[in-house]
Amino acid sequence: MKSLLFKISLILLCFNVFAEDVLIVHQGYANSHIKWKNRLEDAGHTVTSVNIDSDFDLFPSNTTSYEQIYDLIDIPYHLVQDYSGDPSPQISTAYKALLARGGTLYLQTENPLCCDSRNQNIVDFIEEVGGGTVTYGDQLSDFSTDTITIHNSEEDWLDGFSGTVTFSAGGILTSIGNGTWFAKDGSGNIVGAVWYADDLSSSYSGKVIV
């Protein structure tokens, strides 16, 4: 069963209080892109949603107008026809450019037994932009419990947040390098983290959320 991991939309919307242009890149899985689009538009953002399920070449050739990009892809950043495991230069370059201009990048990880290479691509990307050494659980024993109940009270944007988020077949982050955890499950496993500009190399002034 693919993960519904990290569906913490109410939390993440707190990162940006001004209306911004948002790009959602997805493959249509479980209509999660529609749910994200509705919530972001309800928060006042202008949202463009692009389905690249059949062809990664459908990724927009120009993404410079966007202040936020939500990546909901459930396989790695390479052509569907080529499972080499190498990230697509086009997508990787666009995401780095977003961070360089101060934007927000949301990368949704997956069930590690389903899409291990997807998670590895995300880890590699964070390390490439200077986020430190990042690792994730890739064994059945590394699965999280099904509830997110612990939130980092030292993060101002989480002030006043309470409640439980339920998800299915979630993986865990076992090391987050320079990042800051913001969500853990009931066993204390990290299931959500953020890398601010100060956590990345000097080329980047944006932030990455996983």
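What covers the buried residues of helix 3? In this predicted model, local features need pLDDT of at least 70 and side-chain atom pairs count only at pLDDT 80 or more, while totals for chains, interfaces and linings use all residues. Residues are numbered from 1 along each chain as its sequence is written, and side-chain values use heavy atoms, with hydrogens and water left out.

The cover includes strand 1, strand 3 (68-71), strand 4, helix 4 and strand 11 (207-209); helices (H or I, at least four residues) and strands (E, at least two) are DSSP runs numbered from the N terminus. Beneath it sit Ile91, Ser92, Ala94, Tyr95, Leu98 and Leu99, the buried residues of helix 3, where buried means under 20% relative accessible area, exposed over 50% and partly exposed in between (1.4 Å probe, protein chains only). They lie on the same side of helix 3 because they cover an arc of only 160° around the axis, taken from the directions from the helix axis to the C-beta atoms. On the other side, Pro89 and Thr93 are exposed. After helix 3 comes Gly102, with a positive phi near 90°.

Tyr95 also leads into the largest nonpolar core, where, of 33 residues, Tyr95 and Trp195 touch the most other members. Such a core is a set of buried Ala, Val, Leu, Ile, Met, Phe, Trp, Tyr and Cys residues joined through side-chain atoms within 4.5 Å. Helix 3 gives this core its largest share, 5 residues. Beyond its neighbours within four places in sequence, Trp195 is in contact (heavy atoms within 4.5 Å) with residues including Ile126, Val134, Ile176, Leu200 and Val208.
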